[in-house]
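Here's a quick briefing to read alongside the coordinates. It looks at one residue and its surroundings, then at one pair of helices.

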Amino acid sequence: MYDAAGRIVGSKPRREAKASGQAVGAINALIVNGRGELLMQRRPADKENGGYWDKSVGGHVSAGESFDETLVREAREELFDDPASTQVELVPSEEAFSARLATADLSRVVVLRKVDQRLNLRDVRHAPDRQGVRTVLYHLGIYVGRTEIALAGFHPQASEIAELGYRPAAEVDQLLLTGRLAPNMAYLWLTQAHGLLAGLR
């Protein structure tokens, strides 16, 4: 858990931490292919925001982890169901990202970089099976990525992902307008989509 300035102040089991009123660390990533299609996951019904379409990768920072370490772990687990997968690469800067995209075999790897860190975001989410609403205070690490891996090349973690798919930007817009995006995904799309898609030009 963190104070309002982002300093670590302790740790608790996830459920207790999220209910404490203090900020919890989390990461979110949006990954696109060269056609501008966003890799999205639909959440299982027994999870928060169940049934809604969500970001490419998301997860909570565990005790002793940095935000970057959490991003790599979560991407390996959620997209490949393998905590030791070599198909996830995190680079340290925009320049390194551009350079790596020029040399990487994007049909085999996902290349990511951090674009923002937001403190004290109040997230509103549906409880599992739509049994009420929960609010959580987050310090959020935001990442973007590129890949050309076909859907068949992913092995989504069944406990976290009901469905994985690529969606063009216009479809993501419609999911937003018809209320089918998870609330935090709506925030990410509105704040990050322009830069994410502009990077493809």
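**A buried glutamine and a helix pair**

Gln41 has a relative accessible area of just 3%, and since anything under 20% counts as buried, Gln41 is buried. Keep in mind that this is a predicted model. The notes below start with Gln41 and then move on to the packing of α4 against α5.

**Around Gln41**

- Gln41 sits in strand β2, which covers residues 37–42.
- The Gln41 side chain has a polar contact with the side chain of Glu78, at 2.9 Å.
- That Gln41 side chain also gets to within 3.1 Å of a backbone atom, the oxygen of Ser56.
- If you skip the neighbours within four places in sequence, the contacts of Gln41 include the run Tyr52, Trp53, Asp54, Lys55, Ser56, Val57 and Gly58.
- Glu78 is on that contact list too, along with Glu160, Ile161, Glu163 and Leu164.

**How α4 meets α5**

- Helix α4 spans residues 169–177 and helix α5 spans residues 183–198.
- Their axes are 11 Å apart and make an angle of about 160°; over 145 degrees counts as roughly antiparallel, so that is what α4 and α5 are.
- The crossing of α4 past α5 is left-handed.
- On the α4 side, the contact is made by Ala169, Val172, Asp173 and Leu176.
- Facing them from α5 are Met185, Ala186, Trp189, Leu190 and Leu197.
- By residue type, this α4–α5 contact comes out as 8 nonpolar and 1 charged, with no polar residues.

Terms used. Residues are numbered from 1 along each chain as its sequence is written. This is a predicted model: local features need pLDDT of at least 70, side-chain atom pairs count only at pLDDT 80 or more; totals for chains, interfaces and linings use all residues. Side-chain values use heavy atoms; hydrogens and water are left out. Axes are lines fitted to C-alpha atoms, for helices over the stretch in contact, and angles run from 0 to 180 degrees between N-to-C directions. Helices (H or I, at least four residues) and strands (E, at least two) are DSSP runs, numbered from the N terminus. Angles under 35 degrees count as roughly parallel, over 145 as roughly antiparallel, 65 to 115 as roughly perpendicular and the rest as oblique. A crossing is left-handed if the near helix is turned anticlockwise from the far one by less than a right angle, and right-handed if clockwise. Contact means heavy atoms within 4.5 Å. Ala, Val, Leu, Ile, Met, Phe, Trp, Tyr, Cys and Pro count as nonpolar, Asp, Glu, Lys and Arg as charged, and the others, Gly among them, as polar. Buried means under 20% relative accessible area, exposed over 50%, partly exposed in between (1.4 Å probe, protein chains only). A polar contact is a pair of N or O atoms within 3.5 Å; within protein, one must be able to donate a hydrogen and the other to accept it, and residues adjacent in sequence count only if both atoms are side-chain atoms.
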